[in-house]
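Visitor: I would like a short tour of this protein. Could you take my questions one at a time?

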Amino acid sequence: MGNWSELPLDLLELIEGHMTLYIDKVRIRAVCASWNSHLSKMPNHNVKQLPWMLQALDNKREASHGLFNPLDKKVYEVDLPEAQGKLFKGSSFGWVVTVEDLDSNSLDDMYLINPLTRTRIKLPPRSKFPDVKSYHADKVGEEYVVFTHDYFDAEGFRSDPLFGGFDSEDYDSDGSTEEFEHKLQTIDSHFVSKSLTWKVVLSSTPYDDNCTMVAIYGHSNRLAYCKCNDKKWRPINVGEYGIGVLDVIFHKGKLHAINDFGDLLVFENIGVESDIKATEEAVPMRATQTAYLTECFGGELIVVKRYFDFSRIIINDPKNPLPRTNGFEVYKLDSMNSSWVKVQNIGDDILFLGLNSSLTISSHDLLGHKGNRIYFTDFIFSFDIKKGQEEDSDVGVFNLEDGTFQSMPGFKCHPRFLWPPPLWVKIV
């Protein structure tokens with residue numbers, strides 16, 4: 001055929017409908033612009049696929065990104081200008097959450113982006129989070145005034161301005177008073193995007209009317225939520241348990257969170273601000289710096305602790321490598337006894353961890369990929385001091401059975417790849 005764009009569209013849909021491999025769905029959209037436009041709806045998958053790793057590439061087209069496919073060990077370049085100048089802050093159901101990086105002209109914006117269809121959905125901006133007292137786009141380097149500390153009353157109970165602990169009249173028009181000035185801080189947009197916006201997860205595809213997005217944000221790693229059509233992010237206030245959150249997941253229809261004290265919290269009625277309830281689901285485990293919540297393939301809730309080697313770090317030496325992952329531990333929730341049980345074997349399961357909503361895929365029928373493994377990506381936020389050498393990329397595969405590491409098969413680090421940090425993307 002001389003011109004592929006002349007193929008009847010009903011025949012094109014029939015061909016695409018018989019494709020089961022994600023890579024084939026990517027390739028058919030790359031044939032010509034008219035096919036990509038007509039097939040812009042979310043593709044349906046009839047078989048399980050490994051998630052792909054979205055990464056920025058180093059070439060002359062600054063808008064170019066790559067999707068690394070662990071199955072065929074190749075990187076497929078995608079033209080994704082919508083992600084240019086953006087930091088990745090989570091991925092769920094094939095959608096990537098982005099915030100603006102330093103070089104952007106719209107430093108306050110947040111979006112959902114589908115890397116396959118290039119569809120964008122605007123979210124409430126970062127200035128509409130509960131920790132922001134005021135935002136001034138024209139004050140370069142001093143755009144945000146944010147709350148930075150927790151507050152306690154005379155009896156030791158938390159009284160937080162983020163949740164109405166102080167009346168807004170306590171502050172002058174410039175956002176401060178002599179009494180409370182030290183509890184507010186003026187911060188630049190880049191720091192807020194990079195270091196005060198941690199992770200966003202979705203309860204379902206954003207096309208679902210009931211989709212809820214939950215963010216981990218701020219100096220104290222708090223929680224906020226919104227719907228797609230909301231104008232602001234609303235706080236999830238659970239008192240002392242609501243700080244130091246490390247990860248969240250929607251499990252069996254309820255939001256679960258784990259904090260750095262090892263508390264597992266279960267939330268009811270997310271989306272009904274006046275009636276959000278939290279209960280402690282299990283005996284707290286030993287505190288940790290990094291942990292992930294996910295499900296094993298059988299539907300059980302598990303926590304994965306990630307450990308780092310900090311011995312290579314020399315304070316204030318930008319040439320010294322950042323910490324590298326040196327181990328993982330996996331715990332299953334024993335709901336009958338409200339306790340955690342350490343496990344060494346997760347069977348055929350493969351865990352995909354990083355800035356994404358944690359994923360579990362069965363290795364059954366996946367040729368060349370064994371179970372009882374953890375595929376992890378680098379997520380340290382200070383990537384701007386890295387030079388892009390492959391040895392500095394904290395990306396790899398961990399074998400739970402013998403505790404060994406191996407490099408990601410077929411993965412190569414690109415010079416510009418480490419900023420922004422990559423993340424796993426699963427389209428369902």
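Visitor: Is Ile249 buried or exposed?
Guide: Keep in mind that this is a predicted model. The cut-off for buried is under 20% relative accessible area. Ile249 has 11% relative accessibility, so Ile249 counts as buried.

Visitor: Which strand holds Ile249, and why is that strand largely enclosed by the rest of the structure?
Guide: Ile249 is found in strand E15. That strand covers residues 245-251. Six of its seven residues are buried, so the rest of the structure largely encloses E15.

Visitor: Which residues does Ile249 touch, leaving out those up to four places away in sequence?
Guide: Ile249 sits in E15. Some of its contacts fall in strand E16, which spans residues 254-259. The full list is Lys254, Leu255, His256, Leu293, Thr294, Glu295 and Leu301.

Visitor: What separates the C-alpha atoms of Ile249 and Ser358?
Guide: Along the chain, Ile249 and Ser358 are 109 residues apart. In space, their C-alpha atoms are separated by 8.0 Å.

Visitor: In which sense do E15 and E16 pair?
Guide: Six bridges join E15 and E16. One partnership puts Asp247 with Ile258 in E16. The sense of the pairing is antiparallel.

Visitor: Which residue takes a positive phi in the hairpin of E15 and E16?
Guide: The hairpin has two residues between its strands. The phi in question is near 55°. The residue is Lys252.

Visitor: Now to charges. How many salt bridges are there?
Guide: Side chains of opposite charge can pair when their charged atoms come close. To count here, a side-chain nitrogen of Lys or Arg must be within 4 Å of a carboxyl oxygen of Asp or Glu. By this rule the count is eight.

Visitor: Which residue forms a salt bridge with Glu82?
Guide: The closest N and O atoms of the pair are 3.0 Å apart. The partner of Glu82 is Arg118. This pair links distant parts of the chain, with Glu82 in the loop between strands E3 and E4 and Arg118 in the loop between E6 and E7. Glu82 counts as buried at 14% relative accessibility, while 34% makes the partner partly exposed, and that partner is Arg118.

Visitor: Which residue meets Asp109 in a salt bridge?
Guide: The N to O distance is 3.0 Å. Asp109 lies in the loop between strands E5 and E6, and its partner is in strand E7, 13 residues apart. Asp109 is buried, with a relative accessible area of 17%. Its partner counts as partly exposed at 43% relative accessibility: Lys122.

Visitor: How many residues apart in sequence are the parts tied together by Asp394 and Arg306?
Guide: Asp394 and Arg306 form a salt bridge, with their closest N and O atoms 3.5 Å apart. Asp394 lies in the loop between strands E25 and E26, and Arg306 in strand E20, so the pair ties together parts of the chain 88 residues apart.

Visitor: Are Asp394 and Arg306 buried or exposed?
Guide: Asp394 has 3% relative accessibility, so Asp394 counts as buried. Arg306 has a relative accessible area of 1%, so Arg306 is also buried.

Visitor: Which residues make the nonpolar surface patch of about 250 Å²?
Guide: One member, Ile15, is found in helix H1. Ile15 counts as partly exposed because its relative accessibility is 38%. The patch is made by Leu11, Leu14 and Ile15.

Visitor: How many disulfides does the structure hold?
Guide: A disulfide needs two cysteine sulfur atoms within 2.5 Å. The structure holds zero. Take Cys226: the nearest cysteine sulfur belongs to Cys228, 7.0 Å away. Cys226 is buried, with a relative accessible area of 0%, and the disulfide total is zero.

Visitor: How many helices and strands are there?
Guide: Strands E15 and E16 pair with each other, and H1 is a helix. The whole protein comes to four helices and 28 strands.

Visitor: Last one. What share of the residues is buried?
Guide: The protein has 428 residues. Its accessible surface comes to about 19900 Å², with 49% belonging to carbon and sulfur atoms. The buried share of residues is 54%.

Definitions and conventions:
Residues numbered from 1 in each chain as written. Predicted model: local features only at pLDDT ≥ 70, side-chain atom pairs only at ≥ 80, totals over all residues. Heavy atoms only, no water. Buried < 20%, exposed > 50% of the residue type's maximum accessible area, 1.4 Å probe, protein only. Pairing = 2+ DSSP bridges. Contact = heavy atoms within 4.5 Å. Patch = residues over 30% accessible without salt bridge, like charges linked within 9 Å, V, L, I, M, F, W, Y side chains within 5 Å. Areas by Shrake-Rupley, 256 points an atom, 1.4 Å probe, with all protein chains shown as cover.
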